[in-house]
Amino acid sequence: MELVADGNVIRSLNRSELRRKVLFYLLSIYPYRSYLSEISRAVRSDPSNVKGGCLEGLGVRYTGEESLVGLGLVVVEQSKNGFRYFKVNPDLIEDIKALKTMFNNRKVFAVEIG
């Protein structure tokens, strides 16, 4: 999967600074995983915003398809006791590092979504 060239990923990350913060926080702690309230504290945002706007989507404005989980950038692991943990998709580490470099260089991205 050529993630860096995927217009939906770039569009989703362009639309939300919080989505970028969550993704790059999870990248910084890789290979470890984190739970919702810990992620929220790290990025200094409300847990409902992190869950609905970034990780899993919520309603029409923040669709599940544009969420980090929906795009395949983040995977969800559920423990035996029912806790949900989030971590960067191990198959896409190099692509996510490339995305971080692109966004840190503050380039403007224009993509065609087809």
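This tour moves through a predicted model one selection at a time, from the sheet to the helices, the core and a few backbone details.

Begin with the sheet by selecting strands S1, S3 and S2, which in that order form an open, antiparallel sheet of three strands. At its edges lie S1, residues 34–35, and S2, residues 74–78, each of which pairs on one side only. Keep S2 in view and add S3, residues 84–88: five bridges join these two antiparallel strands. To look at one of the pairings, pick Gln78, whose bridge partner in S3 is Arg84. Now bring in helix H2, which packs on the sheet and touches S1, S2 and S3, its direction making about 85° with that of S3.

Stay with the sheet and show the side chains of Tyr35 and Tyr85, which form an edge-to-face aromatic pair, with 6.3 Å from centre to centre and 85° between the planes. The structure holds one aromatic pair. Because Tyr35 lies in strand S1 and Tyr85 in strand S3, the pair ties together parts that are 50 residues apart in sequence. Tyr35 itself is partly exposed, with a relative accessible area of 33%.

Next, select helix H1, residues 7–15, and colour Gly7, Val9, Ile10, Ser12 and Leu13, which are buried. The cover over these buried residues includes helix H2, residues 17–29, and helix H5, residues 93–104. Turning to H5, one finds a helix of 12 residues that reaches 16 Å from its first C-alpha to its last, close to the 16 Å expected at 1.5 Å a residue. Within H5, highlight Ile93, Ile96, Leu99, Met102 and Phe103, which are buried; the buried residues of this helix pack against H1, H2 and S3.

With these helices displayed, move to the largest nonpolar core, which has 28 residues, and select Val22, Leu26, Leu55 and Leu73, the members that touch the most other members. Two or more residues of this core come from each of H1, H2, H3, helix H4 (47–55), S3 and H5. H2 gives the largest share, eight residues. In soluble globular proteins, nonpolar side chains tend to be buried together.

Now go to helix H3, residues 36–43, and select Ser40 within it. Ser40 is buried, with a relative accessible area of 2%, and that value falls in the buried class because the class covers anything under 20%. Which residues is Ser40 in contact with, leaving aside its neighbours within four places in sequence? Displaying the surroundings of Ser40 shows Ser45, Asp46, Pro47 and Val50 in contact with this residue.

Finally, inspect the backbone at two loop positions. The first stop is the loop between H2 and S1, where Pro31 lies; the peptide bond from Tyr30 to Pro31 is cis, with omega near 20°. The other stop is Arg44, found in the loop between H3 and H4, where phi is near 55°, a positive value in a residue other than glycine. Most residues other than glycine have a negative phi, and most peptide bonds are trans. Is Arg44 buried or exposed? With a relative accessible area of 78%, Arg44 is exposed.

Terms used:
Residues numbered from 1 in each chain as written. Predicted model: local features only at pLDDT ≥ 70, side-chain atom pairs only at ≥ 80, totals over all residues. Heavy atoms only, no water. Buried < 20%, exposed > 50% of the residue type's maximum accessible area, 1.4 Å probe, protein only. Helix = DSSP H or I, 4+ residues; strand = E, 2+ residues; numbered from the N terminus. Contact = heavy atoms within 4.5 Å. Pairing = 2+ DSSP bridges. Axes fitted to C-alpha atoms, helices over the stretch in contact; angles between N-to-C directions. Core = buried A, V, L, I, M, F, W, Y, C linked by side-chain atoms within 4.5 Å. Expected span 1.5 Å × (residues − 1). Phe/Tyr/Trp six-rings, centres within 6.5 Å; stacked < 30°, edge-to-face > 60°.
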